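Here are some notes to read alongside the model. Please keep the structure open and find each residue as it comes up.

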Amino acid sequence: MNNSYFFTDLITWIENNITEKLLLDDIAIKSGYSKWHLQRLFKNHTGLSLGSYIKTKKLERAFFDIVNVEGTITDVAIKYGFESLQTFTRCFNRYYGFPPSKVRKQNSLTSIQPECVPVKTVGALH
């Protein structure tokens, strides 16, 4: 199997299911590899661990929702599978360098963009 196609397909599946609880065991079954081998392949292909990639995508989508979708920040946290608003706020703040409430308060996105470089690496989000 072409590795590029495999990872494109896997990443598309992850992104299409980003609001679900994505367990390593389930992703490994989807991929057809053991979870240990899949993690090694994923890290070699993307430069990120599978868990870091998923956390990054959840936070990026959450940022978009905070800006563009009505509802509370708690609703966004729950949608992306964070156990509590506090956990979500802590992870968001570590990744972006500011809390989600600051994003919500902005009338324009001139000073805050979701593509901004995170303050810390995603692995530090635990």
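1. A term is needed before the points that follow: helices are DSSP runs of at least four residues, numbered from the N terminus. The model is a predicted one, and every value below is computed from it.

2. Overall make-up. The protein has seven helices and zero strands. Read from the N terminus, the order of elements is α-α-α-α-α-α-α. The protein has 126 residues, and 32% of them are buried. Take the contacts between residues at least 6 apart in sequence: 56% of these join residues at least 24 apart.

3. The largest pocket. How much space lies in the largest pocket? The computed figure is about 570 Å³. Its lining is made of 22 residues, and those nearest the centre are Leu 22, Ile 54, Lys 55, Lys 58 and Gly 81.

4. Where the lining comes from. At least two lining residues come from each of helix 2 (24-31), helix 4 (50-68) and helix 6 (85-96). Helix 4 gives the largest share, six residues. Sorted by kind, the lining of the largest pocket holds 11 nonpolar, five polar and six charged residues.

5. The largest nonpolar core. In soluble globular proteins, nonpolar side chains tend to be buried together. In this model the largest nonpolar core has 31 residues, and the members that touch the most others are Ile 14, Leu 59, Phe 88 and Phe 92. Two or more residues of this core are given by each of helix 1, helix 2, helix 3 (35-46), helix 4, helix 5 (73-79) and helix 6. Helix 4 supplies the largest share of this core, seven residues. Helix 4 thus appears in two places in this note, with the largest share of the pocket lining and with the largest share of the core.

6. Ile 14. Which residues does Ile 14 contact, once its neighbours within four places in sequence are left aside? They are Leu 22, Leu 50, Tyr 53 and Ile 54. Of these, Leu 22 and Ile 54 were also listed among the residues nearest the centre of the largest pocket.

7. Leu 38. This residue is in helix 3. Is Leu 38 buried or exposed? Its relative accessibility is 0%, so Leu 38 counts as buried. Leaving aside neighbours within four places in sequence, Leu 38 is in contact with Phe 6, Leu 10, Ile 27, Ala 28, Ser 31, Tyr 33 and Leu 50. Leu 38 and Leu 24 are 14 residues apart in sequence, and their C-alpha atoms are 9.2 Å apart in space.

8. Ser 31. This residue belongs to helix 2. Ser 31 has a relative accessible area of 13% and is therefore buried, since the limit for that class is under 20%. A polar atom of the Ser 31 side chain lies 2.8 Å from the backbone oxygen of Ala 28. With neighbours within four places in sequence left aside, Ser 31 is in contact with Phe 6 and Leu 38. Both Phe 6 and Ala 28 also appear among the contacts of Leu 38.

9. Thr 8. Helix 1 (residues 3-16) contains Thr 8. Why does Thr 8 count as partly exposed? Its relative accessibility is 46%, and partly exposed covers the range between under 20% and over 50%. The Thr 8 side chain reaches the backbone oxygen of Ser 4 at 2.8 Å.

10. Cys 91. The last residue to find is Cys 91, in helix 6. Because its relative accessibility is 8%, Cys 91 counts as buried. Cys 91 and Thr 56 are separated by 35 residues in sequence, and the distance from C-alpha to C-alpha is 9.8 Å.

Definitions and conventions: Residues are numbered from 1 along each chain as its sequence is written. This is a predicted model: local features need pLDDT of at least 70, side-chain atom pairs count only at pLDDT 80 or more; totals for chains, interfaces and linings use all residues. Side-chain values use heavy atoms; hydrogens and water are left out. Buried means under 20% relative accessible area, exposed over 50%, partly exposed in between (1.4 Å probe, protein chains only). A polar contact is a pair of N or O atoms within 3.5 Å; within protein, one must be able to donate a hydrogen and the other to accept it, and residues adjacent in sequence count only if both atoms are side-chain atoms. On a 1 Å grid over the protein atoms alone, a cavity is a set of points where a 1.4 Å probe fits but cannot get out, and a pocket is an open set with protein on both sides within 12 Å along at least five of seven lines; lining residues have an atom within 4 Å of a point. Grid points are joined across faces, edges and corners, and a volume is the space filled by probe spheres set on the points. Ala, Val, Leu, Ile, Met, Phe, Trp, Tyr, Cys and Pro count as nonpolar, Asp, Glu, Lys and Arg as charged, and the others, Gly among them, as polar. A nonpolar core is a set of buried Ala, Val, Leu, Ile, Met, Phe, Trp, Tyr and Cys residues joined through side-chain atoms within 4.5 Å. Contact means heavy atoms within 4.5 Å.
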